Structure formats: structure tokens, C-alpha cells
Amino acid sequence: MMDKTQLVVIGNGMAGMRLVETLCRLAPARYAITVIGEEPRGNYNRILLSPVLAGEKAFSETLLHDLDWYHRHDVRLLAGEPALAVDRRHKRVMTAGHEVPYDLLVLATGSRPLMPQLPGVTLNGIYGFRTLDDVEAMLGRCRPGRHALVVGGGVLGIEAAAALTQRGMTATVVHRGTHLMERQLDARAGRMLQHNLLLRGIECR
């Protein structure tokens, strides 16, 4: 019997895990799969982080693959152990605690928030909005009556402002575009959205 192909997936997000899930269903005996994830948890739906921030959902409701799923499907998960280097010559990925050999390597690391290059951007109380850790950090500072400044009037920025408002905070959105969500909306629709947010107590500049 041939040895299984060693497949390593860097990234435990929605795209990488959709691949792993599909391979486990269509070719369960073909690959020995290792997933390397920066976060110390199973795979979850990042789209639902806004309802978690708003208090409408618990994190458990966002889980797509809990830790037991990896075990049941014989998928090795290195959680909370980001990939540090790829040695293409010897076909291996290095983490802080492992050297993982591969025959096939998939990079599915997703994106990171674009943080403005401004003085003070690394100070406490300034957060991106991408992971559960970001949400938990924001909730740690969230208090009714306090003010939140959201930089970016795209989908995530508006969802963050709305969620924090539901938590009792006052939110202001600052956006560099001529109108909100300019990638999705024309100017008229952007103005309508801005008016709707103002009625909900969210100021946009």
C-alpha cells in the first residue's frame, strides 16, 4: 500500500478548512493532513464575529470544526503555533515546536486588517477586527457610555460600529472615501446608509 501524501495547510481559517473538509470527504485515504493555525482553537466562521461582538451570538455558535472534528477525521492540528518558515529545498515547515515535512503545501493564511501608519497605532486600546482575540480585547474595554472610534467605513467597520452601539457605547465612523462602502454602494446609497446609521446614533465623518 502506498504511503499517504503529506499535505500541510498553513492557515486554519474558512478557506483552508473548506479544502481539508472536502478532501476528507472525497479522498479520505489519500492524504495525511496537518493544519497549522496561529489561533489556539478550532476553525470558526469569521463572518459571525460581528454578532459575537454585539452580544447576539456566543462564540460556540460560530464554530465550524471543533477540536474533536480534527481527531475524528485523523487531521493533525497544530493550534496556537504559527508557521515561522518554509524550507522549500527540504520540503518542511517550521513552527516554534515542530518541523513538519510535506509533499504538498497549501498557503491559506487569509488577510490582516490594514492598520493606518499613524503615530500611536500600537498603543493599548487600538484593535484590528479579524479574530476572536480582537473581539475579546474590544469587549474588555467596552463600557456603556464610552466612545468608540472606528476607522474605516466598509462592511466590517460599519458592523463593528453597530455592534459596539448595541453594547451601549457611542460610535463614530471615520472613512477616507467619499461615501460609505464605496466598493458596494453608489453615492446615493452610501448617503442613505449614513442617514440610517445617524438615526441609530452612529456619526460618520
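This text walks through a predicted model of one protein chain, from its overall build to single residues.

Start with the whole chain. It has six helices and 12 strands. Its C-alpha trace spans about 65 × 35 × 35 Å along the principal axes. Of its 205 residues, 38% count as buried. The chain exposes about 12600 Å², and carbon and sulfur atoms supply 54% of that area. Now consider which parts of the chain meet. Take the contacts between residues at least 6 apart in sequence: 57% of them join residues at least 24 apart.

Next, look at helix α1. It covers residues 14–26, which makes 13 residues. From its first C-alpha to its last it reaches 18 Å, close to the 18 Å expected at 1.5 Å a residue. Which residues of α1 are buried? They are Gly-16, Met-17, Val-20, Leu-23 and Cys-24. Look down the helix axis and these buried residues fall within an arc of 120°, so they line one face of α1. The face turned away from that buried side carries the exposed residues Ala-15, Arg-18, Arg-25 and Leu-26. What covers the buried residues of α1? The cover includes the strands β1 (5–10), β2 (31–37), β3 (43–44) and β4 (63–65), along with helix α3 (67–72).

Now turn to the interior. In soluble globular proteins, nonpolar side chains tend to be buried together. The largest nonpolar core here has 15 residues. Leu-49, Leu-53, Phe-129, Val-135, Leu-164 and Met-169 touch the most other members. Three elements give two or more residues to this core: α2 (49–54), α4 (132–141) and α5 (155–166). Helix α2 gives the most, with four residues. Take Leu-53 as an example. Leaving aside neighbours within four places in sequence, Leu-53 is in contact with residues including Phe-129, Val-135, Met-138, Ala-160 and Leu-164. A second, separate core has 14 residues, among them Leu-23, Cys-24, Ile-33 and Trp-69. Leu-23 and Cys-24 have already appeared as buried residues of α1.

Helix α4 deserves its own stop. Its buried residues are Leu-132, Asp-134, Val-135 and Met-138. They cover an arc of only 155° around the axis, which puts them on the same side of α4. Their cover includes β3 and α2. At the N-terminal end of α4, Thr-131 acts as a cap. One of its side-chain oxygens lies 3.3 Å from the backbone nitrogen of Asp-133.

Just before that cap in sequence comes Arg-130. Where does Arg-130 sit? Its place is in the loop between β9 (104–107) and α4. Is Arg-130 buried or exposed? Its relative accessibility is 16%, so it counts as buried, the cut-off being under 20%. Arg-130 has contacts beyond its sequence neighbours within four places: Tyr-44, Arg-46, Leu-49, Thr-109, Gly-110, Ser-111, Arg-112 and Pro-113. Its side chain reaches the backbone oxygen of Ser-111 at 2.2 Å. Pro-113 is 17 residues from Arg-130 in sequence, yet the two are 6.8 Å apart in space, C-alpha to C-alpha.

Move on to the loop between β11 (170–174) and α6 (187–199), which holds His-179. His-179 has a relative accessible area of 14%, so it is buried under the 20% cut-off. The side chain of His-179 reaches the backbone oxygen of Leu-185 at 2.9 Å. Not counting residues up to four places away in sequence, His-179 touches Leu-185, Asp-186, Ala-187 and Gly-190. Met-181 is found in that loop between β11 and α6 too. Met-181 is also buried, with a relative accessible area of 16%. Its backbone has a positive phi of about 50°, although Met-181 is not a glycine.

End with Asp-74. It lies in the loop between α3 and β5 (76–79). Its phi is near 55°, another positive value in a residue other than glycine. Is Asp-74 buried or exposed? At 61% relative accessibility it passes the cut-off of over 50%, so Asp-74 counts as exposed. Set the two residues side by side: Met-181 is buried, whereas Asp-74 is exposed.

Terms used. Residues are numbered from 1 along each chain as its sequence is written. This is a predicted model: local features need pLDDT of at least 70, side-chain atom pairs count only at pLDDT 80 or more; totals for chains, interfaces and linings use all residues. Side-chain values use heavy atoms; hydrogens and water are left out. Buried means under 20% relative accessible area, exposed over 50%, partly exposed in between (1.4 Å probe, protein chains only). A polar contact is a pair of N or O atoms within 3.5 Å; within protein, one must be able to donate a hydrogen and the other to accept it, and residues adjacent in sequence count only if both atoms are side-chain atoms. Contact means heavy atoms within 4.5 Å. A nonpolar core is a set of buried Ala, Val, Leu, Ile, Met, Phe, Trp, Tyr and Cys residues joined through side-chain atoms within 4.5 Å. The expected span of a helix is 1.5 Å times one less than its number of residues. The arc is that of the directions from the helix axis to the C-beta atoms. Accessible areas come from the Shrake-Rupley method with a 1.4 Å probe; for residues, only the protein chains shown count as cover.
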